[in-house]
Every structure is written in structure tokens, then in C-alpha cells.
Amino acid sequence: MPAPTVLTETAQGYVLGPAETSTAAEVRIPVVGGGVTLVILGAIAVLCPWMPYVTGYGSSGNGWDSIDALESNDKFSAGPALTLVTGLIVLVTGGVVLMNQRSRNPISNKGVGVLLLVVGLVMLGVGGATFNALDELFTEAEIAVNQGVGLWLSCASGLATIVAGIVFLNKPSLTRGR
């Protein structure tokens, strides 16, 4: 099949030549996977303090319920609040990345990557510290409980945020939409 031809105006007059066609490589489609992933990770982390942190004996306690028991025993008790704050940071970062996809001045993938690395490390550290504090509290009281899904998901969100930070550092197209 012959290439389509068009009549094009040039400085010398009109010229009949091949029509310009765009290839798949030339079409710019925003890459929204990075921003969507961050929004999902942030939403999961934001919900974690309301999910069970400990379960046992047919009942469970969420992150907010654990604060009083941890504070009264001089254990690390800031876990649910810090998980909420770091989750909000990831959620907002994902929203900014999504909204900035078509901007002529894209945000820095290095800046987003470093932010995600720091926030992910804090989130993972907070989850681990809360895990240890609850384990110590219930071991000292000789009560057998299991760590709940909220605590596991907050640690997993932190780890996934670290991975996302590494990916953002190495993939400029995630913030530039190309």
C-alpha cells in the first residue's frame, strides 16, 4: 500500500509529498501508573490505624485503641498517628504526580523519589516500632495475641513506598507523563 500524499505549501510553492504520520513512539500518553500506585499506597496507610493492630480471644483492637495501653506502660505509642501522617504524605504526593502529568514544567522524579524513600523508611520504622512495643506489652502481661492486619499493612505500605521511591528515582517518565 503506498504512503498517503498531501499538498504542502513551501517557500517555493506547493509540493506534493508524503503525509506525515505519527508513530506509536511519537504519541505522548501520560504514564499514570506511578501516581495511581502512590494514591493506593497512601489510602491503605491512611486506613491502617482504624484496622486491627492486635487480635486474640475473639476480639481485636485497632491502632487508636492501642495508644492508651502503650502510653501507660511507657512504650512507643505514636505509631497510628505517624502512620496516618506518612500515609497522607504519600496520598498527596500521588495526587500531585497525577495532576502534574500534562504540565509543561514537570516535577522532579528525583525529588519525588527521595521524598518517597524518606517517608517509606519512616513508615516502615514506625510499623516495626509499634509491632515491637505491642509484642513487649502483651508478652510482659503474658497474654497471647496476634498482630493484626492493620499493623502488617502499615509495614507493607512502608516497604512498598520505599520500592516506589527507588523506581521514581530511576524512571523520569513517571513524573513527566512521557
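Buried means a relative accessible area under 20%, and exposed means over 50%. Keep those two cut-offs at hand for the exercises below, which work through a predicted model.

**Exercise 1. Find which residues of helix 5 are buried, and how far the helix reaches.**

Solution. Start with the extent: helix 5 covers residues 149–170, which is 22 residues. From its first C-alpha to its last it reaches 31 Å, close to the 32 Å expected at 1.5 Å a residue. Next, apply the cut-off of under 20%. The buried residues in helix 5 are Gly150, Leu151, Ser154, Cys155, Ser157, Gly158, Thr161, Ile162, Ala164, Gly165, Phe168 and Leu169. To read the spacing in that list, recall that an α-helix has 3.6 residues a turn, so residues three or four places apart point the same way.

**Exercise 2. Decide whether Ser154 is buried or exposed, and name the residues it touches.**

Solution. First place the residue: Ser154 belongs to helix 5. Its relative accessible area is 1%, so Ser154 is buried. Then look for neighbours, leaving out residues up to four places away in sequence: Ser154 touches Cys48, Tyr53, Thr83, Met123 and Gly127.

**Exercise 3. Work out how helix 4 is oriented against helix 5.**

Solution. Helix 4 spans residues 109–140, and its axis lies 7 Å from that of helix 5. The packing angle between the two is about 160°. Angles over 145 degrees count as roughly antiparallel, so helix 4 is roughly antiparallel to helix 5. To finish, add the handedness: helix 4 passes helix 5 in a left-handed crossing.

**Exercise 4. Do the same for helix 1 and helix 3, and list the residues that meet.**

Solution. The axes of helix 1 (residues 33–47) and helix 3 come within 7 Å and cross at roughly 160°. Helix 1 is therefore roughly antiparallel to helix 3. Here, too, the crossing is left-handed. On the helix 1 side, the residues that meet helix 3 are Gly35, Val36, Leu38, Val39, Leu41, Gly42, Ala43, Ala45 and Val46. Their partners in helix 3 include Thr83, Leu84, Gly87, Leu88 and Val90.

**Exercise 5. Locate Tyr57 and Asp74, and describe their phi angles and exposure.**

Solution. Begin with the background: most residues other than glycine have a negative phi. Tyr57 is not a glycine, yet has a positive phi of about 55°. Tyr57 sits in the loop between strand 3 (52–56) and strand 4 (59–62). With a relative accessible area of 66%, Tyr57 is exposed. Now turn to Asp74, which also has a positive phi of about 55° without being a glycine. Asp74 is in the loop between helix 2 (63–72) and helix 3 (79–99). Its relative accessible area is 73%, so Asp74 is exposed.

**Exercise 6. Place Leu174 and give the C-alpha separation between Leu174 and Pro106.**

Solution. Leu174 lies in helix 6 (residues 173–176). A relative accessibility of 10% means that Leu174 counts as buried. Pro106 is 68 residues away along the chain, and the two C-alpha atoms are separated by 10.0 Å.

**Exercise 7. Summarise the whole chain.**

Solution. Count the elements: the protein chain has six helices and five strands. In sequence order, they follow the pattern β-β-α-β-β-α-α-α-β-α-α. Then check burial: of the 178 residues, 36% are buried. Among contacts with a separation of 6 or more, 72% are between residues 24 or more positions apart. Finally, the chain exposes about 10,300 Å², with 64% supplied by carbon and sulfur atoms.

Definitions and conventions. Residues are numbered from 1 along each chain as its sequence is written. This is a predicted model: local features need pLDDT of at least 70, side-chain atom pairs count only at pLDDT 80 or more; totals for chains, interfaces and linings use all residues. Side-chain values use heavy atoms; hydrogens and water are left out. Helices (H or I, at least four residues) and strands (E, at least two) are DSSP runs, numbered from the N terminus. Buried means under 20% relative accessible area, exposed over 50%, partly exposed in between (1.4 Å probe, protein chains only). Contact means heavy atoms within 4.5 Å. Accessible areas come from the Shrake-Rupley method with a 1.4 Å probe; for residues, only the protein chains shown count as cover. The expected span of a helix is 1.5 Å times one less than its number of residues. Axes are lines fitted to C-alpha atoms, for helices over the stretch in contact, and angles run from 0 to 180 degrees between N-to-C directions. Angles under 35 degrees count as roughly parallel, over 145 as roughly antiparallel, 65 to 115 as roughly perpendicular and the rest as oblique. A crossing is left-handed if the near helix is turned anticlockwise from the far one by less than a right angle, and right-handed if clockwise.
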